[in-house]
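Here's a quick look at how some helices and rings come together in this one. Pull up the model and follow along.

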Amino acid sequence: MEKITSFTINHLTLLPGIYVSRRDMAGDTPITTFDIRMTRPNTEPVMNTAEIHTIEHLGATFLRNHAEWKDRVLYFGPMGCRTGFYLLLTGDLTSADIVPLMTEMFTFIRDFRGNVPGAAARDCGNYLDMNLPMANYLANRFLCEVLDGIGPERLIYPE
């Protein structure tokens with residue numbers, strides 16, 4: 001059995017960043033899957049489920065309400081390894097194409113206060129597993145350490 005694409009990336013040299021994980025076609029529509037890597041794999045601690053869950057709710061809400069991008073968003077959700085998120089957008093895109101969008105999204109998450117959208121028993125299957133202060137912290141960290149002045153080493157997968 002062949003390894004799937006995401007298992008062929010050298011996780012020992014992968015830095016936090018925004019990477020094109022794969023490109024697919026759904027009929028005539030190109031779909032780009034992005035690897036939004038927030039922590040360095042196998043080097044630093046993974047994110048806990050509460051903050052991942054909070055980032056997922058806030059990120060998905062932000063993306064699906066974005067004036068320019070909302071109609072191109074197919075999916076935003078966490079990686080099983082808890083080091084980041086996958087974002088699927090329609091279009092043949094590069095990592096650099098979405099840096100402004102990711103900067104907006106993580107600024108929104110960093111600055112968000114109040115009730116997390118969908119964090120209610122009626123709306124979510126695990127609504128109590130949320131940590132907004134830690135989601136704010138991790139969003140700020142990603143903005144400062146990754147997105148501010150992002151270069152090719154954090155936009156293109158390492159060899």
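Rings of Phe, Tyr and Trp (its six-membered ring) pair up if their centres lie within 6.5 Å. Keep in mind that this is a predicted model.

## The aromatic cluster

With that cut-off, the structure has 5 aromatic pairs. One of them is Phe62 with Phe108, a tilted pair with 5.4 Å from centre to centre and 35 degrees between the planes. This pair ties together distant parts of the chain: Phe62 sits in helix α1 and Phe108 in helix α2 (residues 99–111), 46 residues apart. Add Phe112, and Phe62, Phe108 and Phe112 make up one aromatic cluster.

So are these two rings' residues buried or exposed? Phe62 has 13% relative accessibility, so Phe62 counts as buried, because the cut-off for that is under 20%. Phe108, at a relative accessible area of 28%, is partly exposed.

## Where α1 meets α3

Helix α1 has another partner to look at. Two packed helices are described by the angle between their axes and the distance between the axes. For α1 (residues 49–64) and α3 (residues 132–147), the axes come within 8 Å and cross at roughly 75 degrees. That makes α1 roughly perpendicular to α3, because angles of 65 to 115 degrees fall in that class.

Which residues do the touching here? On the α1 side they're Glu51, Thr54, Ile55 and Leu58, and they meet Leu132, Met134, Ala135 and Leu138 of α3. Sorted by type, the residues of this α1 and α3 contact come out as 6 nonpolar, 1 polar and 1 charged.

Key
Residues are numbered from 1 along each chain as its sequence is written. This is a predicted model: local features need pLDDT of at least 70, side-chain atom pairs count only at pLDDT 80 or more; totals for chains, interfaces and linings use all residues. Side-chain values use heavy atoms; hydrogens and water are left out. Axes are lines fitted to C-alpha atoms, for helices over the stretch in contact, and angles run from 0 to 180 degrees between N-to-C directions. Helices (H or I, at least four residues) and strands (E, at least two) are DSSP runs, numbered from the N terminus. Angles under 35 degrees count as roughly parallel, over 145 as roughly antiparallel, 65 to 115 as roughly perpendicular and the rest as oblique. Contact means heavy atoms within 4.5 Å. Ala, Val, Leu, Ile, Met, Phe, Trp, Tyr, Cys and Pro count as nonpolar, Asp, Glu, Lys and Arg as charged, and the others, Gly among them, as polar. Rings of Phe, Tyr and Trp (its six-membered ring) pair if their centres lie within 6.5 Å; planes under 30 degrees apart count as stacked, over 60 as edge-to-face and the rest as tilted. Buried means under 20% relative accessible area, exposed over 50%, partly exposed in between (1.4 Å probe, protein chains only).
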